[in-house]
Structures are given as structure tokens and as C-alpha cells.
2 protein chains.
Amino acid sequence: MDDQRLDRFFRRLRVRDSLRQAERDALSKAAGPTLHFAPGELMAHYGSSPSKSLLLIQGMAARQNTVESGQQQITAFHIAGDFVDLHAFLLSRLDHDVSAMSAVAAVEFSHEALRQITEEFPHLTRLLWLSTLLDGAIHRQWLVAMGRLTAIAHMAHLFCEHFVRADSVGLAQDMSFPFEITQQELADALGLSNVHVNRTLQELRRQDLVSWDTKTVRIIDWERLQEVAQFDPIFLDVVHTPR
Amino acid sequence: MDDQRLDRFFRRLRVRDSLRQAERDALSKAAGPTLHFAPGELMAHYGSSPSKSLLLIQGMAARQNTVESGQQQITAFHIAGDFVDLHAFLLSRLDHDVSAMSAVAAVEFSHEALRQITEEFPHLTRLLWLSTLLDGAIHRQWLVAMGRLTAIAHMAHLFCEHFVRADSVGLAQDMSFPFEITQQELADALGLSNVHVNRTLQELRRQDLVSWDTKTVRIIDWERLQEVAQFDPIFLDVVHTPR
DNA sequence: CGCCACTTTGAAACAGTTCAACGTCAGTGG
DNA sequence: CCACTGACGTTGAACTGTTTCAAAGTGGCG
């Protein structure tokens with residue numbers, strides 16, 4: 001019997017490849033209890049060596065680092081269906097904090113159980129590996145956007161990325177998707193100041209590209225938004241291929 | 001018999017975990033011919049679906065993207081012992097170009113052979129997975145440095161990172177390591193203009209932190225360089241642990 | 001020797017930051 | 001029920017790190 005809590009995760013994997021029943025069973029069996037986190041709460045700590053990884057099933061989380069000046073940099077956002085820190089399964093220590101942006105629910109997977117999966121299910125292992133590779137691909141796009149795009153293109157790019165990601169797990173409808181974070185948090189992801197995020201957002205609204213009321217992003221002109229962002233979804237690898 | 005060409009790669013893996021003889025044999029058997037690339041030559045193309053991945057054994061390569069303005073952003077540098085595009089094994093299409101920065105030699109691994117390894121060698125599979133996770137960790141540090149550090153700290157951070165990486169494959173000596181790229185290429189990695197890279201470099205030299213003659217970086221004051229860079233090698237995961 | 005790619009310098013322009021104040025709204029308690 | 005609070009969003013103005021453009025210097029190589 002499939003664990004219902006894993007539905008969005010299965011859906012995400014199935015966008016890229018097929019999942020056999022035995023593989024779904026193995027994941028369902030490996031799934032531990034559901035954990036809940038309040039907005040702002042840390043789900044995992046810099047420097048720690050967790051013995052479990054968390055699969056997000058509700059809310060939004062971010063990976064972030066703090067620099068000496070006290071400023072923060074968010075390096076990834078995660079939504080339902082994302083493994084937040086699957087990389088912690090093999091990395092000996094966490095190189096960032098994981099924090100809950102909203103009220104979060106997550107399913108625990110012990111590294112022991114994941115290890116067992118890698119011993120017995122090579123194809124499923126490749127899919128889990130793939131899921132960390134997608135994180136890496138997103139990191140690269142953020143680097144390109146941060147290094148070589150203007151603030152407005154960078155922000156547009158993030159909205160494009162999240163629309164496609166939300167859509168691939170069934171979280172988007174009517175060209176909109178949940179995006180419950182503050183402007184300061186968005187600034188920490190884009191590497192900008194909160195003031196400039198505010199102004200950039202106004203410009204995106206003025207150009208009738210998107211609206212955002214701190215709960216939901218609505219894309220008003222998908223074509224032009226992608227142009228402004230120079231967005232090419234190739235990096236999200238939404239292609240069904242056997243791996 | 002171990003394939004000598006893989007020595008630096010084995011050495012890199014052994015920094016993190018042990019490698020059994022059977023695993024070294026499997027990799028040696030999977031290794032294909034050596035390919036050579038001239039400086040500036042593309043080793044893999046954006047949008048392509050390579051059926052092989054390349055393990056660098058000599059020279060330096062970069063992954064890069066080009067934006068509409070014609071500017072480039074480098075998202076990763078690779079040195080001998082690095083798998084340049086192991087992620088291409090599971091991603092359906094490449095989201096960047098791979099280009100040779102200097103004269104490069106690389107060993108080809110067919111995806112078919114890699115797939116066979118994942119079917120038969122779970123532990124080795126975890127190590128290969130780990131090697132792509134390290135790339136991801138480096139991406140995250142680049143994001144933090146790009147978003148929240150000044151140009152001088154960012155550049156210092158890159159030098160720190162490369163010193164540790166070069167050292168872990170035996171390429172560093174006397175506090176110096178090969179770094180044969182142009183200032184423009186460094187600018188493309190840092191997300192800066194070549195002019196500002198030049199000035200930032202002068203400042204690092206003036207403060208007696210590093211010297212660089214476009215062939216070799218020499219670290220003059222390792223302690224202070226790390227401070228300036230806010231460098232913490234935790235993300236390079238140089239800890240020997242069974243995985 | 002001369003070329004070409006690369007590095008260095010100067011000066012003006014600009015994107016984004018900082019600081020400080022003000023506006024808005026939801027939640028809380030009197 | 002309304003005043004108070006605190007977090008978040010918005011605005012203006014001065015400032016700064018970085019870019020851009022343009023020109024001059026350097027050095028390796030055919």
C-alpha cells in the first residue's frame with residue numbers, strides 16, 4: 001500500500017521516469033513519522049550530521065547560510081514533494097541551516113533505511129540520485145541569474161522556476177502557486193536588499209507580469225515573464241526517460 | 001590492475017571513504033579512451049544528451065552558460081580527478097556547456113558502463129553520488145559568496161576552495177596550485193567584470209594574501225586569506241567516513 | 001618584429017545599498 | 001470594540017561598489 005504522504009514525491013519522480021510498485025513499497029516502508037515545524041523554526045542545523053532526511057509534504061522550507069555581517073543567503077527553496085536534505089544522507093556534515101518558511105510538515109527517512117534502498121534497488125537509487133542532481137541544476141541556474149542577470153530578470157526567473165516546479169507536483173492552478181514568504185526572505189534568496197526587492201517587485205507588477213500578495217504568486221503574462229527572465233526550463237529536466 | 005589514469009580520482013574518493021579493490025577494478029574496466037581538448041574547446045554542449053561522462057585527468061575545465069547579452073557565467077571549475085559531467089549520466093539534457101580552460105585530457109566513461117556499476121556496486125554508487133553532491137555543495141558556497149560577500153572576499157573564497165581541492169588530489173605544493181585561466185574567465189566565475197577582477201586582484205596582492213601570475217596561485221598568508229574569505233572548508237567534506 | 005590576446009589604468013555612469021521615516025495590517029489585550 | 005503593538009511593506013535621498021567605455025601597457029609567440 002502506498003503511503004499517501006508520499007504522493008507528491010511520487011508524482012515528481014514520475015514526471016522523469018516510471019516507478020515500479022516494489023519501489024513505491026520500499027519508499028513507503030522507509031518512511032518514518034511526520035514532523036511539524038512552525039514558521040521560522042530550524043529543521044536542521046549547520047555543522048550537524050543528521051541521521052535522517054526530511055521529505056516535505058506541506059509548506060515551504062529554505063536552505064540558508066549566515067555570513068559574518070549577519071546577512072543571510074538562501075541557496076534553495078523547497079516545496080511539498082521535495083526531499084529537503086537528501087544530500088545529508090551522504091555528506092558527513094550539513095553546510096547550511098534548513099529553516100521552515102511557513103508551517104511545515106515533513107516525513108522522516110532514516111539514513112539507515114535509505115542505505116538499505118541503495119543496496120537493494122539500483123533503479124530507485126538512480127532516481128533518488130537524480131533528485132539531488134536537480135537541486136544542483138537549480139543551484140547553477142541561480143548562479144547564472146545572480147551573476148549575469150539584472151534584479152528584475154533574476155526575480156522573474158525565480159518565479160518562472162517555481163511555477164514549473166509547483167505545477168509538476170500539482171500545486172499550481174490558474175497560473176498561480178503558493179509562495180508564502182516575506183520580501184526579506186526573497187531578498188535573501190536573490191542576494192538583494194529588501195528595499196530593492198520591493199522596488200523590483202513593483203516594476204514586475206507595473207509591467208503586468210506577475211502579482212504577489214505574500215501568499216500566492218499569480219503569473220499574468222507567462223510568455224513575457226519567460227522572456228524577461230531568459231527562462232529555459234531545460235534545467236528542470238521535465239522529460240520522461242528511463243534512467 | 002588499477003588504471004593509472006584514475007589515480008587522482010581514487011585519491012579524491014579515498015579522502016572521504018575507502019575503496020575496495022573490486023570497486024577500483026570496476027571503475028578501471030569502465031574507463032574508456034583518453035580524449036584531448038585544446039584550450040577554449042567545448043567538451044560538451046548545452047542541450048545535448050551525452051552518452052558518456054568525462055573524468056578530467058589533466059588541465060582545467062569549466063561549466064558555463066551564456067546569457068542573451070553575450071556575457072558568460074561559469075558555474076564550476078574542474079581539475080584533474082574531477083568528474084566533469086557525471087550528472088549528465090542521469091539528467092536527460094545538459095543545462096550548460098563544458099569548456100576546456102587549458103589543454104585538457106579526460107577519460108571517457110560510457111553511461112552504459114556507469115549504469116552497470118550502479119546495478120552491481122551499491123557502495124561505489126554511493127561514492128559516485130557523493131561526488132556529485134560535493135559539486136552541489138560548492139555551488140551553494142558560490143551562491144553565498146556571490147550574494148552576500150564583497151568582491152574581495154568572494155575572490156579570496158574561490159582561492160581558498162581551490163587550494164583545498166588541489167591539495168586533496170595532490171596538485172598543491174608549497175602553498176601554491178596551478179590555476180591557468182584568464183582574468184576574464186575568473187570574472188565570469190565570480191559574476192564580476194574583468195576590470196573589477198583586475199582591481200580586486202591588485203588589492204589581494206597589496207594585502208600580501210596571494211599572488212597569481214595566470215599560471216599558478218601562491219597563497220602568501222593562509223590564515224588571513226581564510227578570514228577575509230570567511231572560509232569554512234566544511235562544505236568540501238574532507239572527512240573520512242564509511243558511506 | 002609585429003601581432004594579438006591579455007592586463008592595467010582612468011573617468012563617468014549606474015545598479016543596487018543603506019539609512020531613516022512612514023504606511024499598513026493582523027493579532028492582542030484592556 | 002478599539003487602542004496598541006510589532007512585523008512587514010513602501011518611499012525618498014544620499015551613497016557606494018561595480019560596470020562601462022576607452023585607451024594604453026605588457027608579453028608570448030609565429
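**View 1. Gln183(B) and its neighbours reach for DNA strand C.** In this predicted model, a polar side-chain atom of Gln183(B) sits 2.7 Å from a phosphate oxygen of DNA strand C. That's a polar contact (a pair of N or O atoms within 3.5 Å; within protein, one must be able to donate a hydrogen and the other to accept it, and residues adjacent in sequence count only if both atoms are side-chain atoms). Arg199(B) goes for a base instead: one of its polar side-chain atoms lies 2.4 Å from a base nitrogen of the strand. From chain A, the side chain of His196(A) has an N or O atom 3.3 Å from a phosphate oxygen of DNA strand C.

**View 2. Here is the whole protein surface near DNA strand C.** There are 17 residues around this strand, where "near" means having a heavy atom within 4 Å of it. Sorted by class, they are four nonpolar, ten polar and three charged. (Ala, Val, Leu, Ile, Met, Phe, Trp, Tyr, Cys and Pro count as nonpolar; Asp, Glu, Lys and Arg as charged; the others, Gly among them, as polar.) Helix α7(B) chips in the largest share, five residues. Helices here are DSSP runs (H or I, at least four residues), numbered from the N terminus.

**View 3. Now for DNA strand D and the residues around it.** Of 15 residues, the nearest are Gln183(A), Asn198(A), Arg199(A), Gln202(A) and Ser193(B). Asn198(A) puts a polar side-chain atom 2.4 Å from a phosphate oxygen, and for Gln202(A) a side-chain N or O atom is 2.7 Å from one. Ala151(B) uses its backbone, with a polar atom 3.3 Å from a phosphate oxygen. Helix α7(A) gives the most to this surface, with five residues.

**View 4. Away from the DNA views, helices α5 and α8 of chain A cross.** Their axes (lines fitted to C-alpha atoms over the stretch in contact, with angles from 0 to 180 degrees between N-to-C directions) come within 7 Å and cross at roughly 125 degrees. That makes α5(A) oblique to α8(A), the label left over once under 35 degrees is roughly parallel, over 145 roughly antiparallel and 65 to 115 roughly perpendicular. Their contact has eleven nonpolar, two polar and no charged residues.

**Notes.** Residues count from 1 along each chain as its sequence is written, while chains are lettered from A and ligands numbered from 1 in the order written. Local features need pLDDT of at least 70 and side-chain atom pairs 80 or more, totals for chains, interfaces and linings use all residues, and side-chain values use heavy atoms, leaving out hydrogens and water.

Key: Helices (H or I, at least four residues) and strands (E, at least two) are DSSP runs, numbered from the N terminus.
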